[in-house]
Structures are given as C-alpha cells and as structure tokens.
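I opened this entry to look up one residue and then its surroundings. The notes follow in the order I checked things.

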Amino acid sequence: MMLVDNQTHVESIIDPGLQIITMSDAVCHNLGLHYNPHIQLNMQSANGIIDKSLGLACNIPCCVGDITLYLQIHAIHDPAYNILMG
C-alpha cells in the first residue's frame with residue numbers, strides 16, 4: 001500500500017523487471033491527477049500486446065513508510081492493477 005498524492009492508500013505491485021511506473025487511468029481520475037497526453041509510450045504487456053500509454057503524470061508524491069518519492073507515472077487504460085512499479 002502506498003499513499004499517493006497525500007490523498008489515499010493505493011495497492012501497488014513491485015516488478016523488478018519493469019523499467020517504468022504505471023497507474024490505471026481509473027486511479028488517476030479518482031485522485032484528480034493530471035497527465036500530459038503528449039508524452040506517450042508504446043507498452044508491450046506480458047502477453048505481447050502493444051498499447052500506448054495515455055500520458056505522463058509528473059512529480060506525484062508517493063509515500064512508502066517514512067519515505068516520500070516524487071514519481072513520474074504513466075497512465076494506462078484499464079490494466080489489471082492499480083499501480084505497477086519498476
């Protein structure tokens with residue numbers, strides 16, 4: 001569980017093989033986070049499907065225990081997770 005944007009705790013998954021941090025668009029909208037739709041990535045999932053990210057949310061404060069990190073998070077449409085951290 002990670003406190004996101006000083007608002008609510010969100011269940012997060014750590015994947016050491018991932019090179020970026022992604023968040024579902026539903027969580028972004030529920031938290032009122034804005035992402036830049038001009039910064040998109042082509043993302044390949046484990047099943048080989050390639051989708052574009054919706055955009056990049058910059059400098060989002062995320063607290064894990066006593067540590068606050070300011071993360072760059074890519075918004076993804078309808079993933080099977082809330083937050084996936086690489």
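I looked up Leu69 and found it partly exposed, because its relative accessibility is 35% and the partly exposed class runs between 20% and 50%. The model is a predicted one.

I then asked which residues make a nonpolar surface patch with Leu69. They are Val64 and Ile67, and the patch comes to about 240 Å².

Next I placed Leu69 in the fold. Leu69 sits in strand S8, which covers residues 67–76.

I followed S8 to S7 and noted antiparallel pairing over 8 bridges. One bridge I looked up joins Cys63 to Thr68 in S8. S7 and S8 form a hairpin, with 2 residues between the strands. In that turn I noted Gly65, with a positive phi of about 65 degrees.

Is strand S7 mostly covered or mostly open? I found S7 (residues 55–64) mostly covered, with 7 of its 10 residues buried.

I also checked the pairing of S7 with strand S1 (residues 2–4), which is antiparallel over 2 bridges. For Val4, the bridge partner in S7 is Cys62.

Last, I wrote down the whole sheet. It is an open sheet of 7 strands with mixed pairing, in the order S2-S1-S7-S8-S4-S9-S3. Its edge strands are S2 (8–10) and S3 (12–14), each of which pairs on one side only. Neighbouring strands of this sheet are turned by 40 degrees against each other on average, with direction ignored.

Technical notes:
Residues are numbered from 1 along each chain as its sequence is written. This is a predicted model: local features need pLDDT of at least 70, side-chain atom pairs count only at pLDDT 80 or more; totals for chains, interfaces and linings use all residues. Side-chain values use heavy atoms; hydrogens and water are left out. Patches are made of residues with over 30% relative accessible area and no salt bridge: like charges are joined within 9 Å, nonpolar side chains (Val, Leu, Ile, Met, Phe, Trp, Tyr) within 5 Å. Accessible areas come from the Shrake-Rupley method with a 1.4 Å probe; for residues, only the protein chains shown count as cover. A salt bridge is a side-chain nitrogen of Lys or Arg within 4 Å of a carboxyl oxygen of Asp or Glu. Helices (H or I, at least four residues) and strands (E, at least two) are DSSP runs, numbered from the N terminus. Buried means under 20% relative accessible area, exposed over 50%, partly exposed in between (1.4 Å probe, protein chains only). Two strands pair if DSSP finds at least two bridges between them. Axes are lines fitted to C-alpha atoms, for helices over the stretch in contact, and angles run from 0 to 180 degrees between N-to-C directions.
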